[in-house]
Amino acid sequence: MSVRRIWTPAEANALVPRLSLLVGEQMRRAFDIDQRLRAMRARGQGGRLLVMIEGEETLDAEERALRAELLVYEDGWRAIEELGVTVKDPRIGLCDFLGQIEGRDVWLCWRYGERAVEHWHELDQGFSGRKPIGIPSKPLYN
């Protein structure tokens, strides 16, 4: 069992330029895969790709190429996670960094297209529970 890295906002923000490139590449791959799969389905092809684990020798050349592209896509997200980032929603490029706010573990939240990691949310919440970093989660005065 490995220990999960705890990121500071500054450390997470230092990774944002690289993460933006990697996630952008993944978003382009997803678009290309989707377009190719739609075109294949329109021609009555591609349905076997989603259910085949073995037996690629029965796929035609276009199906094998798309299958290879799907594997590269999966590897791309794995490479991002190996950086210590948790991919929450690959469709929109939503990534979280385990961090701490007010002494407790939280997710520092970043979405593809954002310039920096500027939000956080509780571990049991998602994107809709985001709060700006630097604003206390509880009122300072009662």
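Buried here means under 20% relative accessible area, exposed means over 50%, and partly exposed lies in between (1.4 Å probe, protein chains only). Keep that scale at hand for the whole tour.

The model is predicted, so local features need pLDDT of at least 70 and side-chain atom pairs count only at pLDDT 80 or more, while totals for chains, interfaces and linings use all residues. Residues are numbered from 1 along each chain as its sequence is written, and side-chain values use heavy atoms, with hydrogens and water left out.

**Stop 1: a buried acid and its partners in charge**

Select Asp96 to begin. At 1% relative accessibility, Asp96 is buried. Now add Lys88: its side chain meets that of Asp96 in a salt bridge, 3.2 Å from N to O. The term covers a side-chain nitrogen of Lys or Arg within 4 Å of a carboxyl oxygen of Asp or Glu. Lys88 itself is partly exposed, at 35%.

Next, pick Asp89 and Arg91, which form a salt bridge at 2.9 Å, N to O. Asp89 is buried at 15%, whereas Arg91 is exposed at 68%.

**Stop 2: along helix α1**

Move to α1, residues 9–42, and show Asp34 and Arg38; they sit four residues apart, about one turn of the helix. Helices here are DSSP runs of H or I with at least four residues, strands are runs of E with at least two, and both are numbered from the N terminus. The two side chains make a salt bridge of 2.8 Å, N to O. Arg38 is exposed, with a relative accessible area of 55%, and Asp34 is partly exposed at 32%.

How many salt bridges are there by this rule? The count is twelve.

**Stop 3: two aromatic pairs**

The structure holds two aromatic pairs. Rings of Phe, Tyr and Trp (its six-membered ring) pair if their centres lie within 6.5 Å; planes under 30 degrees apart are stacked, over 60 edge-to-face, and the rest tilted.

Select Trp7 and Phe97 for an edge-to-face pair, 4.9 Å centre to centre with 75° between the planes. Trp7 lies in the segment before α1 and Phe97 in strand β2 (residues 94–101), so the pair ties together parts that are 90 residues apart in sequence. Both Trp7 and Phe97 are buried.

For the other pair, choose Tyr73 and Trp77: the ring centres are 6.1 Å apart and the planes stand at 90°, so this pair is edge-to-face. Both residues belong to helix α2 (residues 61–82), four residues apart, about one turn. Tyr73 is buried at 17%, and Trp77 is buried at 9%.

**Stop 4: charges over rings**

Go back to Trp7 and add Arg5, which lies over the face of Trp7 at 3.7 Å from the ring centre. A charge sits over a ring if NZ of Lys or CZ of Arg is within 6 Å of the ring centre and within 35 degrees of the ring normal. Then show Lys131, whose charged end sits over the ring of Trp120, 4.9 Å from its centre.

**Stop 5: the strands**

Finally, colour β2 and β3 (residues 104–111), an antiparallel pair with eight bridges. Strands pair if DSSP finds at least two bridges between them. Gly99 stands opposite Val106 in β3. The two strands form a hairpin with two residues between them, and Glu102 in the turn has a positive phi of about 50°.

Which residues does a salt-bridge network link to Glu102? They are Arg104 and Glu122.

End with β4 (residues 119–121), which pairs antiparallel with β3 over three bridges. There, His119 is the bridge partner of Cys109.
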